[in-house]
Amino acid sequence: MYQMVTGSIVALVTPFHEDGSVNYEKLEELLEWHVANGTDGILVLGTSGESSTLSHEEDAEVLKFTVKTINHRLPVIAGSGSNCTQTAVDKSKEFEQLGADQLLVITPYYNKATPLGMIRHFTTVAEAVKLPVIMYNVPGRTGCSLSEEAVKELSRVPNICGIKEASGNISYATNIARYLDDQFVMYSGNDDMITTIMALGGSGVISVLANIAPRQTHDIAADYLAGNVKKSLEGQLKYLDVIHDLFCEVNPVPVKEALNLMGMNVGGYRLPLCEMTEAHRAQLAASMKAAGLI
C-alpha cells in the first residue's frame with residue numbers, strides 16, 4: 001500500500017541563469033524555502049518546470065539535485081511523461097533509479113490516443129516501474145483527455161495511484177470521484193478549485209500558486225483536511241485574483257515573473273516562452289500587492 005501525499009504539492013519552477021542554464025544554487029534556495037514553509041511535496045520536471053525545453057540530461061540532473069537536497073524530508077515527484085510511450089517508460093525507469101518517490105505521467109499530447117490507447121499507454125508505463133504513478137489530465141494543454149471509462153479501468157492498475165485533474169470541468173471531476181479510494185486519489189490541477197476538488201474527496205493540489213505562496217496554499221488544503229471548510233474557502237477566495245493572474249499568459253511565464261517581483265530572482269525562460277507584456281506584469285503585481293504577497 002502506497003502512502004500518497006495529502007495537502008499542497010508545488011509544481012516547482014526551474015530557475016535559470018541569464019545565459020539560460022539551470023541555476024542550481026537558486027534551486028536549492030527554493031527547495032529549502034518550501035521545506036520551511038509547509039509545502040507537502042515537491043514536483044519537478046512538470047509544465048511549470050519547463051521540462052519541455054530541458055534536455056534529458058538536464059532532467060536527470062535537476063531530479064538528482066532535488067532528491068539530494070530534499071534528502072527524504074518531503075516526497076519528490078518527477079514528471080516522466082511523454083507522447084511516446086517508450087520514452088515515458090525509459091524516463092520513468094531512469095527517474096526511479098535516481099530516487100524519485102512518485103511519478104507524474106501526462107496524457108500523450110499531440111498524437112492523442114483512443115481510450116484503449118490511453119489505457120495501454122498508462123498501463124505500460126506503470127508496469128515498467130514499482131513507484132506510484134499519478135496520471136495528469138490537462139486537455140487545455142495536451143488537446144486530449146482521459147475518458148471517464150479509462151480512468152475507471154486505470155484506477156484498478158496496482159501502482160496507478162492517482163490523477164492530477166486539471167480539466168476545470170467539475171462534472172468530469174465529480175464523475176471520476178466515484179473511483180477514489182485509499183489506493184487511488186485525486187489532486188486538483190487548478191489552483192482556483194482546491195477546496196472544490198477536496199469536497200469531492202480530493203487529497204489536495206499540485207499547485208502553481210504554491211511557488212509564490214507555499215504556506216498559504218498548504219493552509220488552504222490543511223484547513224480542509226482538518227475539517228475547517230470555511231477557513232479553507234476563505235483562503236481559496238482570498239488568492240483568487242492572484243491565481244487568475246498567474247494564468248493571464250501561458251504557465252510558467254507569470255509565476256516566474258511573480259517570483260522575480262518578490263525578489264526571488266529565478267531568471268527568465270527558454271524559447272518559445274518569453275517575458276510577459278508590461279500590461280500583464282502590472283496586472284499581476286497589483287493582485288499580488290492586494291493579497292499581501294509583495
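**Exercise 1. Is T217 buried or exposed?**

*Task.* Classify T217 in this predicted model, then describe its surroundings.

*Solution.* Begin with the accessibility: T217 has a relative accessible area of 0%. The cut-off for a buried residue is under 20%, so T217 is buried. Next, place the residue in the secondary structure: T217 belongs to helix α9, which covers residues 214–225. Finally, list its partners, leaving out neighbours within four places in sequence: T217 makes contact with S8, I194, V205, S207, L209 and A210.

**Exercise 2. Disulfides**

*Task.* Determine how many disulfides the model has, and explain why C248 forms no bond with C274.

*Solution.* A disulfide joins the sulfur atoms of two cysteines covalently. The criterion is a pair of cysteine sulfur atoms within 2.5 Å. For C248, the closest cysteine sulfur is that of C274, at 13 Å, which is too far for a bond. Taken from the other side, C274 has the sulfur of C248 as its nearest cysteine sulfur, again at 13 Å, and is in no disulfide. The count for the model is zero disulfides. As to its surroundings, C274 has a relative accessibility of 40% and is therefore partly exposed.

**Exercise 3. The two pockets**

*Task.* Describe the largest pocket and the second largest pocket by volume, central residues and lining classes.

*Solution.* Take the largest pocket, with a volume of about 600 Å³. Its lining has 26 residues, and those nearest the centre are T47, S51, S52, I106 and Y109. At least two lining residues come from each of α2 (56–70), α3 (85–97), β4 (102–106) and α5 (139–142). By class, the lining of the largest pocket comprises nine nonpolar, 13 polar and four charged residues.

Turn now to the second largest pocket, which holds about 360 Å³. It is lined by 21 residues, with Y136, V138, G189, N190 and F247 closest to its centre. This lining consists of ten nonpolar, seven polar and four charged residues.

**Exercise 4. The overall fold**

*Task.* Decide whether the radius of gyration of the protein chain agrees with that of a compact globule, and characterise the chain as a whole.

*Solution.* First, the expected value: for 294 residues, a compact globule would have a radius of gyration near 19 Å. The protein chain has 18 Å, so the two agree. The C-alpha atoms fill a box of roughly 45 × 45 × 35 Å along the principal axes. Next, the secondary structure: the chain contains 13 helices and eight strands. Buried residues account for 55% of the 294 residues. Lastly, of the contacts with a separation of 6 or more, 71% link residues 24 or more positions apart.

How values were computed:
Residues numbered from 1 in each chain as written. Predicted model: local features only at pLDDT ≥ 70, side-chain atom pairs only at ≥ 80, totals over all residues. Heavy atoms only, no water. Helix = DSSP H or I, 4+ residues; strand = E, 2+ residues; numbered from the N terminus. Buried < 20%, exposed > 50% of the residue type's maximum accessible area, 1.4 Å probe, protein only. Contact = heavy atoms within 4.5 Å. 1 Å grid on protein atoms, 1.4 Å probe; cavity = no way out; pocket = protein on both sides within 12 Å on 5 of 7 lines; lining within 4 Å. Points joined across faces, edges and corners; volume = space filled by probe spheres on them. Nonpolar A, V, L, I, M, F, W, Y, C, P; charged D, E, K, R; others polar. Rg over C-alpha atoms; globule rule 2.2 N^0.38 Å.
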